[in-house]
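Please open the structure in your viewer and keep the selection panel at hand, since each stop below says what to select and then what is there.

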There are 4 protein chains.
Amino acid sequence: MLHLDSDYMAGACPEVMAALTATNMERSTGYGTDDYCKAARERILDACFPEGGRMRADARVYFLVGGTQTNAIVIAGLLRPHEGVLAADTGHIAVHESGAIEATGHKVITLPATDGKINAGQIAACIAGFKADPSKDHTVAPGMVYLSQPTELGTLYSLRELTAISAVCRDAGIPLFVDGARLAYALAADTNDVTLTDLARLADVFYIGGTKCGALMGEAVVVAEPSLLRHFTPLIKQRGALLAKGRLLGVQFGTLFTDGLYERLGREADRLAGVLAEALRQHGYREVVAQVTNQIFFEIPNDDLPALAKVASFEEWGAPGPHYTVVRFVTDWALTEADLKALLDYLKG
Amino acid sequence: MLHLDSDYMAGACPEVMAALTATNMERSTGYGTDDYCKAARERILDACFPEGGRMRADARVYFLVGGTQTNAIVIAGLLRPHEGVLAADTGHIAVHESGAIEATGHKVITLPATDGKINAGQIAACIAGFKADPSKDHTVAPGMVYLSQPTELGTLYSLRELTAISAVCRDAGIPLFVDGARLAYALAADTNDVTLTDLARLADVFYIGGTKCGALMGEAVVVAEPSLLRHFTPLIKQRGALLAKGRLLGVQFGTLFTDGLYERLGREADRLAGVLAEALRQHGYREVVAQVTNQIFFEIPNDDLPALAKVASFEEWGAPGPHYTVVRFVTDWALTEADLKALLDYLKG
Amino acid sequence: MLHLDSDYMAGACPEVMAALTATNMERSTGYGTDDYCKAARERILDACFPEGGRMRADARVYFLVGGTQTNAIVIAGLLRPHEGVLAADTGHIAVHESGAIEATGHKVITLPATDGKINAGQIAACIAGFKADPSKDHTVAPGMVYLSQPTELGTLYSLRELTAISAVCRDAGIPLFVDGARLAYALAADTNDVTLTDLARLADVFYIGGTKCGALMGEAVVVAEPSLLRHFTPLIKQRGALLAKGRLLGVQFGTLFTDGLYERLGREADRLAGVLAEALRQHGYREVVAQVTNQIFFEIPNDDLPALAKVASFEEWGAPGPHYTVVRFVTDWALTEADLKALLDYLKG
Amino acid sequence: MLHLDSDYMAGACPEVMAALTATNMERSTGYGTDDYCKAARERILDACFPEGGRMRADARVYFLVGGTQTNAIVIAGLLRPHEGVLAADTGHIAVHESGAIEATGHKVITLPATDGKINAGQIAACIAGFKADPSKDHTVAPGMVYLSQPTELGTLYSLRELTAISAVCRDAGIPLFVDGARLAYALAADTNDVTLTDLARLADVFYIGGTKCGALMGEAVVVAEPSLLRHFTPLIKQRGALLAKGRLLGVQFGTLFTDGLYERLGREADRLAGVLAEALRQHGYREVVAQVTNQIFFEIPNDDLPALAKVASFEEWGAPGPHYTVVRFVTDWALTEADLKALLDYLKG
């Protein structure tokens, strides 16, 4: 069975696994205070702020274990008690994290997304509406904006879109947070024009996904504006996301940010996603959202599902009507064209 | 530098690392739904309920990533909003988890510990005091009991002590939860008489520590009375402790629970702790708590600290006066007698 | 200036004020343990369960101070940590309580309302969708249903609608909670066919509003199924809603539930709302939702607002376009036809 | 039966009740936006900052309904998520609020009290200990200090003590919050040397109790340093403490702060407490804490309790041994010497 449910199907990429094995029996201090973490932070800062300067000096990098906890803890750290977070109604925090944000006491204020994205105009209108509301003390204040790059539908914010959203946030004095759980696949996409440097400049906080992008686990939070997240380490500890053997995250991110490995991992996955999407189109299936990264969404007749499910596993993303199901296939760094062969043959057959 | 700060200084034990490497490029489903997790759960249940029967059929095993999150999520799952958790005033949840329990909305009600332990009489008195309190609607109800085995001072509850505490909890109708972050070192101790089977019978929920006992990370929660923790998986997800690549935990715990590896790892660490404790005693230092597992507590003259700190790292546990510091040394599965040589030589010298 | 912003513009109805004055210097025990509270609870139970029986014997009545706290505490008491509350997207808890529900850790799962109401089919579909969701451990479970009677748009659930919703909830095994902040105006409405007895039979928990219905403050929570809200008093205390001088609430509700005062107060307010709505219609304004209780919603040309605002105050409820504003007028028990005269004259003029 | 359990036994003082009655049928805007609240805020500011100036211009007054909610909301507003509140182990928030502070996510860090009080040295030592702790990211940071004036044992902080505590807080950069639920009885005490002006100067936030000091309900929070509590109104609303008919609080506090009524109410209660304490001493009972305000604590032989309980009600405050019970009597503004007569006669008899 070829598992294409998501991009956390395999372990770590060989380079990361080799680094973990090589350092395994070393003894070092815990909770991210070790030298591997220090070195990995420097490499990430080098990639985000290649020109150095005051922003690089101020910026901070924190390693957490997984995406849900990263979203919940960053958002809990950024918001004041009366504030909520603006997000696309298809956003991960609004749909698939079991109420993790609400569990920290904050509302997710959703905006209707188009192909997984919200835009600067929507955000500005929501903020303006709140400010003009005569009973605003009785409504949840929009306190920050959450985006995913790529989005939950595999689409990308362009540099122009992200610049506009960042400008709206800065005008309003609220932080912009970008969830990069799948960032490798965004950075590597043909149509992408948003670099790490752009993210570091336009977002106040963002994270670089490890779990779905070549690591066993781990997410690297980059805080470009640390005054927004003072005392973040005790918060990470309190919410249970400070890995005791923190070094494991340093070793992994240090490897991923050596010799361009991180983007390289995304590139092949995006290419294979393109190959698979083309095969699905050729087969006559309707593409729901144009594929640009490693997630592919197609409308499949329900009658075809059983046969397809024998060749590959996938996730169902709802039903547009009684006869069709939207299906998501996800490629990742571990997948090869050989792995896909049986599925491609089936689609051609 | 020999790091003896804690038992999370090294990576995973070789058998675990080999298993992770061997399975690394396999693709499997996420979040603990894979076959490695299923197999590991069976092995743990076999170890806890060797005679099978209805308790084994009812019991559940969940894998989480780290200790703080495990404590916070189990406690949040067990308590009703108006309840608190009874714990030793030296308990991890009361002291060293950055307010993780309070962050879930619950008070830690502390009882004065003796050598890290509380006893059945104290617990019964606290519950009786609450029940007799005319203003009990205005005080926090004791809703469960939290113990650590071994305790934060390396000591052990005896079977007799644990049986008495369990009886008090059952009389009062409140669950007993045992934190086994270092359980391997308890199970392997010479003086220990509490087996996994006893824990499974006397506690309602307990966890078997992986992070400090041979795994890269991971804790296995055994729920002997699952009616107390219905819908626990969405809670684990919501609180950010459901590992996407859940298989990693299944592979590790499956290995740890093969051929008695888990207890074997603890045994050598406990033995080395005994060797080191004896050397410290011979040197003339006062032992604060008699060593029985892998944690050693000695009172060291402040004047000796700089020289000692050049040979080994350790944690400081407070000052009994102006001239002394209580110091904790911790051995673990990864340590060898060769690693200790320089320190032992120093103490002899 | 005639204040028609809401129904909390005046103090208490004369009968209530007289009772408070008459008992003012008495000394009694606190926190609702006094005889006035006991008597008021009996009267409310008599009104809800006139035939007595086991339901009356089991049911409980609690007095809280205000509506937001009542909603938040009841919902926090009813839900398990992984659950959310289903509500109309126009529901008070979704819109106008500053994130009070999320502050207790729970998501408000909104359904699109029609004239302020949701229906049994929507609720059933939502629950069925959750149950069929393959990733339901990653989504918020619908754990209860919240309705308002009358709704935030002044409309009423019919007995048939409420019966259908109650049946869906019981099928699904989740509680139904009805917010009756303005219940007097519902009970008194010409078109209403839902009695207190029906509410007590069909809802698991509901509250009888005092603040907006003749009391200085206070809400009476009726728990028809007390096993759902065990240990509710310490929760009320913990969340700061247990009035120290609890007797004040007993005196007020005892008075409101003597000689049919509660419904009588609603009747005149509803009648005056009808008079005002008719005048607005006659003036040519478009009614947004047909008036049945004490809230009136009309679309007013923006050009008319300044002049209107000189005669009466009101709340703005959003703008259907650039030239119109939806305006809400609210009558209450304290209002007389004489109070309305200037406004009626203005509209006729 | 003479109720001396606490100081919330009666309704409102006659002046307050008269003002509520006189304004009862007026219609005004809600949630504290009315003119009565505005006027009451000015009077309170006049009393706290008689010399005007920038502090008066900056300071803010908010009205809430009760003490528990006031403590919980102020503390939740002042603390960052990783911080806790320092308090006496006999402090109301540590003992008698059902875990209200923990329910907002924060730990109450207790210090051992002497006669209900903690001192500057203890607070400084606790903060210094935290700062010196090598694992301080794993412990709860002391983020503010909570005091009660008078304390839960009826004792008073002197100006010297309060000045020293304030200095420690300012050195450490953490706010000082004073719970004045019974402030009238402190201000009126013979031995008191802390004025409202001192409180406004030395504390960052404090509240002036209404519920126990002549009002039906209500607490007035004075925020001397408003940058610490930005956006406080939506937080009050979210936590359910924003009274809809907010005017009721304005009318009451406006009256209490007219012509020195507030302190006058305290004076007679303190005097009567002195009379009763003397009678108890004369009877031969041991005074546990020297009476200075309206709370009296005596050790009573258990054999005497039944007879005493026939003359007056009181609260039991624990048992110093098998034969004695500590009993608390509380006088209040509503009590007269005539009310006390039977009890005094009994003690003399």
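The tour goes first to a cavity and then to a pair of chains.

This is a predicted model, in which local features need pLDDT of at least 70 and side-chain atom pairs count only at pLDDT 80 or more, while totals for chains, interfaces and linings use all residues. Residues are numbered from 1 along each chain as its sequence is written, chains are lettered from A and ligands numbered from 1 in the order in which they are written, and side-chain values use heavy atoms, with hydrogens and water left out.

Begin by selecting D:G66, D:G67, D:T68, D:H92 and D:K212, which, of the 28 residues that line the second largest cavity, lie nearest its centre. A cavity here is a set of points on a 1 Å grid over the protein atoms alone where a 1.4 Å probe fits but cannot get out, and lining residues have an atom within 4 Å of a point. The volume of this second largest cavity is about 350 Å³, where a volume is the space filled by probe spheres set on the points, joined across faces, edges and corners.

Next, select helix 4 (67–78) and strand 5 (141–148) of chain D, the elements that give two or more residues to that lining; helix 4 of chain D provides the largest share, 4 residues. Helices (H or I, at least four residues) and strands (E, at least two) are DSSP runs, numbered from the N terminus.

Now show chains B and C together: a turn of 180° and a shift of 0.0 Å along the axis lay chain C on chain B with an RMSD of 0.0 Å, superposed by least squares on the C-alpha atoms of residues with pLDDT of at least 70 in both. That is the relation of a two-fold axis. Finally, select C:R80, the residue of chain C that comes closest to the rotation axis, at 4.4 Å (C-alpha).

Methods:
On a 1 Å grid over the protein atoms alone, a cavity is a set of points where a 1.4 Å probe fits but cannot get out, and a pocket is an open set with protein on both sides within 12 Å along at least five of seven lines; lining residues have an atom within 4 Å of a point.
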